[in-house]
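Visitor: I am new to protein structures and would like to learn how the descriptive words are earned. Could you take me through one, step by step?

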Amino acid sequence: MLKKILVANRGEIAVRIIRACREMGIRTVAIYSEADKRALHVSLADEAICIGPASSAKSYLNIKAIIEAACLTGCDSIHPGFGFLSENSAFAKICNEIGIKFIGPDYKMIDLMGNKSKAKETMKNAGVPVVPGSEGLVYKLAEALEIANKIKYPIILKASAGGGGKGIRIAYNDTELIKEYEIVKQEAKISFNDDSLYIEKFIENPRHVEIQVLADEHGNVVHLGERDCSVQRRNQKMIEETPSGIISNKLRKKMGEVAVEAAKKIGYTNAGTIEFLVDKNQNFYFMEMNTRVQVEHPVTEMVTGIDVIKEQIKIASGEKLSLTQKDITFNGHSMECRINAENPDKNFMPCPGTITGLHLPGGNGIRVDTAIYSGYTIPMNYDSMIAKVIVHGKDRNESICKMKSALAEFAVEGITTNVDFLYKILENENFIKNNYDTSFIEKEFLKN
């Protein structure tokens with residue numbers, strides 16, 4: 001078993017990892033920027049080391065400083081969490097070269113799945129259904145127009161190295177494609193230093209459903225069911241739930257089997273998520289694979305009883321999976337709401353600041369993953385997510401009721417949050433009826 005883990009992250013996911021390590025008897029080292037000196041993860045870890053100023057580029061994305069911190073404190077492994085360097089193949093490769101275990105897949109796998117066009121081709125060869133589109137990267141506008149007219153509009157342009165909802169544009173005709181083509185290339189160059197892109201058929205009104213997989217280093221792979229992540233704003237997830245209200249047991253079994261078989265064929269290890277689009281006819285298509293733990297992993301933990309973080313650590317330690325697929329059961333329904341320090345009335349503008357008062361909800365089946373506390377100052381330098389509220393009920397209706405109760409009890413003073421906006425979603429008639437898709441937020445709440 002790994003003995004000392006450097007947590008290369010911050011916020012609630014750093015706290016989440018540190019707590020899992022403590023329960024396993026594993027020592028931890030926290031890294032922090034100058035802006036995070038009073039952050040909760042710093043005080044919870046066994047050791048903490050400052051790695052640079054507030055800027056992410058000079059701290060949480062500073063590979064040299066992080067590696068030096070791991071070596072200086074005698075860590076045998078690094079857990080990257082999500083975001084920052086979690087899907088940076090160069091970082092994973094350096095860890096491998098100097099004998100520090102990267103808690104995630106091999107760097108070559110990160111590289112492969114991080115390139116959207118290569119990932120799509122790889123999954124296609126592994127027998128996974130893919131959305132019709134370009135066979136590889138598209139380098140010229142004329143080629144883009146030819147492909148679009150072949151697969152028929154609407155189409156979606158995607159930056160090959162994209163992520164976080166950036167580098168994505170939809171076109172419904174030639175005129176729009178001509179306009180959006182250069183915009184996507186420019187945005188991709190600025191955001192990812194890579195302007196390559198590819199084209200796919202745009203699946204209208206889909207549900208965004210992902211399958212969680214765990215794969216050890218001995219060829220064993222299982223799936224932990226699906227998560228429906230269709231409540232999104234600008235491709236950023238806001239509410240996730242499991243099971244999905246549109247997935248039948250038959251389809252769940254099929255999607256799970258496809259995901260497991262794909263992970264085996266490509267030689268995947270550790271935790272990963274294969275994301276799909278599901279259309280109105282229950283056809284599912286591969287979208288991308290995330291080679292890290294997901295923000296929404298707690299909903300899976302609530303219905304399976306399996307600790308995803310601990311499983312990641314066990315796998316990285318060389319252990320075989322202790323569960324086979326037949327051992328995994330799904331109980332009840334779970335839902336997660338992402339609490340952000342932002343103002344929905346001002347186009348969701350981030351609202352950093354000092355928390356002057358705080359009350360977190362509790363009760364049977366209610367979990368809050370967070371790193372905030374009264375007196376804590378939320379820096380302006382990082383993502384606006386400050387907490388995740390997760391509930392578990394016997395069915396979807398009970399989960400909605402529990403979540404409404406939890407949000408009504410969630411009180412934070414000194415900053416503005418999206419709690420009230422999330423509550424409105426839970427009261428929305430179409431959401432309650434499970435009649436929604438990835439365009440739900442825009443249709444129901446951002447009409448003007």
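Visitor: What makes strand β21 count as largely enclosed by the rest of the structure?

Guide: Happy to help, and please keep in mind that this model is predicted. Buried means under 20% relative accessible area. In strand β21 (residues 385–393), 8 of the 9 residues are buried, so the strand is largely enclosed by the rest of the structure.

Visitor: How do you know that β14 and β21 pair?

Guide: Two strands pair if there are at least two bridges between them. Strand β14 (residues 333–340) is joined to β21 by 8 bridges, and the two run antiparallel. To find one spot on the model, look for H333, which stands opposite G393 in β21. Strand β19 (residues 366–370) is also joined to β21, by 5 bridges, again antiparallel. There, R367 has I390 of β21 as its bridge partner. Both 8 bridges and 5 bridges satisfy the rule of at least two.

Visitor: Why is strand β13 called largely enclosed?

Guide: The cut-off is again under 20% relative accessible area. For β13 (residues 284–290), 7 of the 7 residues are buried, so the rest of the structure largely encloses the strand.

Visitor: Which strand pairs with β13, and in which sense, parallel or antiparallel?

Guide: Strand β12 (residues 270–278) pairs with β13 in the antiparallel sense, over 6 bridges. T273 stands opposite N290 in β13. The two strands form a hairpin with 5 residues between them, where Q282 takes a positive phi near 65°.

Visitor: Why is E311 counted as buried?

Guide: E311 has 10% relative accessibility, and the limit for buried is under 20%. E311 therefore counts as buried. You will find E311 in helix α11 (residues 308–316). Leaving out residues up to four places away in sequence, E311 touches L214, I306 and L321.

Visitor: What makes β3 and β5 the edge strands of their sheet?

Guide: The open sheet has 5 strands in the order β3-β2-β1-β4-β5, with parallel pairing. Strands β3 (47–52) and β5 (101–102) each pair on one side only, and that is what makes them the edges. Inside this sheet, β1 (residues 4–7) and β4 (residues 77–79) pair in the parallel sense over 3 bridges. L6 stands opposite I78 in β4.

Visitor: How do you know that helix α1 packs on the sheet?

Guide: Contact means heavy atoms within 4.5 Å. Helix α1 (residues 11–24) touches β1, β2 (27–33) and β4, and its direction makes about 170° with that of β1.

Visitor: Which residues of helix α3 are buried, and what do they pack against?

Guide: In α3 (residues 63–72), the buried residues are I63, A65, I66, I67, A69 and A70. They pack against β1, β2, β3, β4 and α4 (89–97). Just after α3, G74 takes a positive phi of about 70°.

Visitor: How do you know which residues line the second largest pocket?

Guide: A lining residue has an atom within 4 Å of a point of the pocket. There are 16 such residues, and P344, T417, N418, D420 and F421 lie nearest the centre. Helix α13 (residues 419–427) gives the largest share of the lining, 4 residues. By class, the lining has 9 nonpolar, 4 polar and 3 charged residues. The space in this pocket is about 300 Å³.

Technical notes: Residues are numbered from 1 along each chain as its sequence is written. This is a predicted model: local features need pLDDT of at least 70, side-chain atom pairs count only at pLDDT 80 or more; totals for chains, interfaces and linings use all residues. Side-chain values use heavy atoms; hydrogens and water are left out. On a 1 Å grid over the protein atoms alone, a cavity is a set of points where a 1.4 Å probe fits but cannot get out, and a pocket is an open set with protein on both sides within 12 Å along at least five of seven lines; lining residues have an atom within 4 Å of a point. Grid points are joined across faces, edges and corners, and a volume is the space filled by probe spheres set on the points. Ala, Val, Leu, Ile, Met, Phe, Trp, Tyr, Cys and Pro count as nonpolar, Asp, Glu, Lys and Arg as charged, and the others, Gly among them, as polar. Buried means under 20% relative accessible area, exposed over 50%, partly exposed in between (1.4 Å probe, protein chains only). Axes are lines fitted to C-alpha atoms, for helices over the stretch in contact, and angles run from 0 to 180 degrees between N-to-C directions.
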